[in-house]
Structure formats: C-alpha cells, structure tokens
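Let's take a quick tour of this one. Have the sequence and the 3D view open while you read.

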Amino acid sequence: MIEVEGLVFRYPNGFEALRGVDLRIGDGEFVAIMGENGAGKTTLVKHFNGLLKPTLGRVLIDGVDTRDASVAELARSVGLVFQNPDRQLFSETVREEVAFALRNFGFSEEIVSKRVERILGMLDLSEYADTSPFLLSGGERKRVALASVLVWDPKHVILDEPTIGQDHLQKERLRDFIMQINDQGKTVVIVTHDVEFVAEAKPRVVLMSKGEIVGDGRAEEVLSDRDLVDRASLIRPQISELADSLSDKGLPRGLIDAYSARSAILRLLRERHVPELP
Amino acid sequence: MPQIKAEGFSFTYSGSKSPSVRDLDLAIERGEFVLLTGPSGCGKTTFCRCLNGLIPNFYPGHLEGRFEVCGMDIARAKTYELAKLVGHVFQNPENQLFSLSVEREVAFGPENLGLPREEIRERVEWAMELVGISDLRDRAPYELSGGQQQKVAIASVLAMRPEVLVLDEPTSFLDPKSAKSILETIAKLNEELGMTVILVEHRLDLASRLADRVLIMNEGRLVLDGEPRRIFGKAAHLLGVGLPKVTLLFQMLREDGLDVGIPITVEEASAILRGLLD
C-alpha cells in the first residue's frame with residue numbers, strides 16, 4: 001500500500017512542486033498519474049522509493065514512513081524506472097546491466113542468471129544480451145531500464161513515461177506486459193502523457209495539475225471529462241471527442257477506445273437498419 | 001530540383017552486417033511537410049542522420065548510391081556546411097542542451113555562424129517568441145521540465161534559420177497540449193517560411209493532419225509514400241504504425257463490412273457517422 005498524506009515538497013530553489021497531495025494506492029492496483037509538463041508527477045513518484053523526502057506531510061510504503069527508511073531498503077519493495085533511461089544505465093552489456101541490482105542484493109549467480117535471462121526474454125531483449133546498452137535505440141534502452149528494475153521483483157512498480165520512444169507494436173506489448181504483472185498482483189503506477197495508451201489500458205487515472213491532484217477515477221470517467229482534461233493540459237482521446245460529437249445520435253459518452261466504439265457503433269447501426277451495413 | 005534526393009542509396013553502419021537503410025529512391029521538394037514513420041529500427045533515425053551529414057562523418061559505415069541535400073553529396077559534404085542548412089531536433093532534449101541559460105542556449109548556434117551581434121539578438125528573440133519560451137530566458141535549461149526543454153532545443157535550432165528542419169520524435173516528452181502547440185508551430189514554420197520539414201513521429205493523431213506527405217519505412221526500406229489519407233486507408237496498421245484512433249476505428253468497421261471511407265481526423269469521422277445515423 002502506498003499512502004500519501006498532505007504531501008508538500010519544495011525544491012531547494014523554493015519552487016513548490018507538490019502543494020498538498022493526498023493519495024492512497026492499494027496493493028495490486030493499476031494507476032496512471034497524468035498531467036501537464038511540470039505538474040509534479042515525477043516529483044510525486046520519487047517520494048515512493050524515498051529519493052525525495054516530504055517537506056511537509058508524509059509518505060508510507062506498506063506502513064513504513066519513507067523518512068525512516070533508506071532508498072536501498074525501500075527499493076526492495078518499490079522499483080522505480082526513470083523517464084530517461086540514460087540516467088540509470090551504465091554497464092558494458094545489457095546482461096550486466098540487468099544483473100547489477102540482483103548481485104547487489106546478494107542473490108546467487110545461478111538465480112541471477114536465471115532471472116536475467118527470463119526477464120530479457122519477456123521484454124524482447126534476449127538478442128541484445130551481449131550488446132552495450134548505449135548502442136541500442138531509445139526505445140530499446142527504455143526496455144533495458146525496465147528489465148533492470150523488474151528483475152528484482154519489487155512489489156510496487158513505478159514507471160515514469162514508459163511509452164516514450166516505443167512504437168505502436170512495442171506499446172501493445174508493453175501494455176500486455178503491464179497487465180500481466182498487474183494480474184500477478186503487483187501494484188503498477190505509470191506516469192504518462194500518453195492519453196491513447198491509457199484509453200486502451202484503462203487504469204485508474206489520477207490527474208495532476210500545478211502540484212495538486214485535480215481528478216481521480218476510472219479512465220472512462222476522467223478522460224472523457226472535457227474540463228478536467230483541459231485543465232491538466234491533456235487532450236481527450238480521439239474516440240471520446242468522436243463520441244461526444246455524436247451523443248445526440250445515441251453514441252454513449254465515456255467511450256474512450258476504438259474497440260468499444262466499434263461495438264457501440266455497430267449496435268447503433270443495426271438498430272437503425274442502416275443499409276450500408278451488410 | 002529536389003532539395004533532398006536519394007538514388008539507390010543504402011547505408012551499413014561499421015560493424016553491422018546488414019544495411020540500416022536500403023535501396024532508397026526518394027525526392028523531396030523545397031517546402032514539403034513530410035511525416036516519416038515506421039516501427040522501431042526501421043531506419044528512420046539513420047535516414048535523419050544522413051540529412052545533416054552525421055552519416056558518414058560521425059557514424060562511419062558503407063555507403064552505396066547517392067544522397068544529396070541542398071545540392072550537396074553527403075559522402076563529400078562537411079558536417080558544418082550541412083549544419084547551416086539542416087537543423088536537427090532530437091528526441092531527448094537533454095542530449096542537446098548544455099548552456100546555463102535558455103537565452104545563451106538559443107544564441108549558441110548563431111554565435112557560431114559568426115553573425116553580427118544585432119542579428120544574433122534578433123534571431124534569439126524571434127526563435128524564443130515563436131515557440132513561446134521568452135519568459136524562460138534566464139532559467140537554466142536543466143531546471144526546466146522535459147517539455148520546456150524540448151521547446152528550448154527547437155528554438156536553438158530555429159535560430160540557425162535552417163532550410164530543412166528535421167525533428168526526430170520531438171513531442172514524445174511533451175504533454176499533449178504542448179505537443180499540439182509544437183506541431184502547430186512547426187506547421188507554421190513550414191507554411192509561412194517555406195521551411196522543409198521532416199518530422200519523425202510514432203504518434204500520428206496530431207501530426208497526420210498537418211503533413212502533405214507520409215513516408216513509411218520498414219526494415220530499412222521505404223514501403224509507402226504518399227498523401228496521408230491515401231496511405232492510412234491501406235494496411236499501414238500491419239506495419240506497426242500507430243494510426244490515429246479514428247482511422248483505426250474505421251479500418252475495423254471496414255472489416256465488419258462497413259465501407260464508408262477512412263477518415264484521419266475526428267471531424268471527418270463524425271461527419272461520416274452522422275451521415276449514416278441521420
């Protein structure tokens with residue numbers, strides 16, 4: 001369980017990045033934190049593994065106040081994958097990179113190698129095991145960073161902008177992967193701008209703007225709320241805009257992805273015996 | 001005469017077994033707005049590196065055929081000559097920013113061109129104004145959010161007044177509203193200044209309505225080339241291209257037997273459906 005109570009965070013230069021955040025994320029939840037550039041999303045999740053400590057208020061991870069634990073201790077249960085993979089990659093090969101944390105945690109070489117090969121396979125990285133991470137594309141480096149955290153099997157996984165630099169197919173795989181680890185009981189928190197990705201994955205959406213939480217609810221509710229979405233500098237999913245423009249024709253509001261829209265449209269057309277439909 | 005011209009062009013990076021771009025035949029005229037997309041590893045970035053001479057000057061390898069930019073053969077042109085003509089904005093702005101203030105950053109390019117002081121001042125103001133960062137002039141780029149940093153990177157390239165603007169996934173770090181405003185800025189540069197734009201994007205929902213022409217690459221080859229509407233009516237989704245969601249929706253409806261055209265914007269999609277439901 002991740003509990004955030006009255007969290008205020010001020011950077012040394014005086015900028016108040018978080019201005020009183022209350023948030024509770026239960027074990028096994030799948031949550032997307034969304035909002036404009038500079039809304040405080042990354043600052044918030046850096047509190048989850050103790051990289052930042054509250055100026056005011058507190059953050060509890062499974063009941064432990066992050067001020068009473070080291071980052072190393074918190075990291076065992078909270079895995080944070082940074083937005084920019086180059087901030088966390090440093091090894092000579094992908095395999096070494098992914099094995100690093102496990103070795104640090106003192107696992108035997110046998111377990112290290114087994115786990116590393118498994119996670120590389122899951123993230124479609126096996127062919128690059130002996131390659132330097134710096135020779136890979138941005139999207140691939142991003143997956144290496146993800147692998148190097150997931151490999152130690154943290155209970156809560158935090159992904160900062162996981163879809164950046166990923167093409168359409170990789171995003172689909174990433175979504176399946178996130179769903180899979182979430183089904184296995186892991187808490188997954190993603191920080192993202194990617195409205196269409198969220199519209200298809202449909203997590204709980206926490207919307208932030210200017211250091212505060214301004215919306216919290218099901219993706220279908222939050223992402224189809226024009227005013228809320230606008231306030232957080234997002235743009236509604238295309239399908240939501242489409243559904244809105246045709247609500248007078250009976251298309252339900254709250255549609256946010258193409259697959260549900262397809263069924264809703266076919267149903268409407270059949271009801272009206274539209275001749276174009278065979 | 002085309003501004004960018006490739007004839008039977010292939011490029012193989014040193015140490016790589018197969019070409020990253022192969023058998024490329026292509027002509028781009030001055031003032032075109034070209035959207036380049038395709039799955040990761042399809043050769044998009046390699047193509048962009050040819051445009052400013054990073055290939056073969058910085059990335060050595062084996063070249064076949066011809067590749068000309070503004071009448072210069074990239075096999076012989078110097079990077080600094082091409083740098084004046086071709087501005088390059090990278091995916092991750094952190095990789096190209098280094099100054100201690102935004103203003104200094106934007107001034108760096110024109111200073112290096114040896115321009116008179118007044119002209120530098122004028123260009124810096126113009127570029128900052130265009131992308132909307134004049135109020136950030138005294139801030140350090142490293143303090144800014146990802147989206148703001150990308151705007152600085154774009155301004156610093158614009159200040160060089162290039163003839164060709166190459167942007168390699170420039171919006172991936174931006175929230176949707178900033179992304180939209182950046183893309184509209186790019187469209188404006190294209191329209192008003194006649195600047196040729198080569199935009200690499202995975203997210204096509206915002207970009208496809210702005211471009212005159214879409215190029216889709218796959219496994220190093222140019223596989224589709226044409227007007228966006230025509231290209232997206234084809235099987236572009238099979239190539240792992242992230243189609244606009246309304247386009248995807250109508251492709252799915254077509255599979256259901258409803259063949260009513262393939263829209264690329266919400267407005268078009270809405271009008272088609274309204275016509276059927278009225």
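Below is a short briefing on a sheet in chain B and on the place where chains A and B meet. Keep in mind that this is a predicted model.

**The sheet in chain B**

- Chain B has an open sheet of six strands, and going across it you meet them in the order 6-7-8-3-9-10. The pairing is mixed.
- Strand 6 (86-89) and strand 10 (221-226) of chain B each have a single partner strand, so they sit at the edges with one side lacking a neighbour in the sheet.
- From one strand to the next, the twist averages 15°.
- Strands 9 (residues 213-218) and 10 of chain B run antiparallel and are joined by five bridges. To spot this pair, look for B:Val214, which stands opposite B:Gly226 in strand 10.
- Helix 6 (residues 146-158) of chain B lies across strands 6 and 7 (164-168) of chain B, at about 170° to strand 6.

**Where the chains meet**

- Chain A puts 45 residues into the contact and chain B puts in 44.
- Together the two chains bury about 4,100 Å², with 61% of it on carbon and sulfur atoms. On the chain A side, A:Asn37, A:Gln238 and A:Arg262 lose the most area to chain B, together 16% of what that side buries.

**Charged and polar links**

- Six salt bridges are counted between chain A and chain B. One of them pairs A:Glu200 with B:Lys245, whose closest N and O atoms are 3.1 Å apart.
- There are also 15 residue pairs in polar contact across the interface.
- Helix 11 of chain A gives the largest share of the side that touches chain B, eight residues.
- That side of chain A divides into 18 nonpolar, 14 polar and 13 charged residues.

How values were computed:
Residues numbered from 1 in each chain as written. Chains lettered and ligands numbered in written order. Predicted model: local features only at pLDDT ≥ 70, side-chain atom pairs only at ≥ 80, totals over all residues. Heavy atoms only, no water. Pairing = 2+ DSSP bridges. Helix = DSSP H or I, 4+ residues; strand = E, 2+ residues; numbered from the N terminus. Axes fitted to C-alpha atoms, helices over the stretch in contact; angles between N-to-C directions. Contact = heavy atoms within 4.5 Å. Buried area = accessible area lost by both parts, 1.4 Å probe. Salt bridge = Lys/Arg side-chain N within 4 Å of Asp/Glu carboxyl O. Polar contact = N/O pair within 3.5 Å; in protein donor to acceptor, adjacent residues only side chain to side chain. Nonpolar A, V, L, I, M, F, W, Y, C, P; charged D, E, K, R; others polar.
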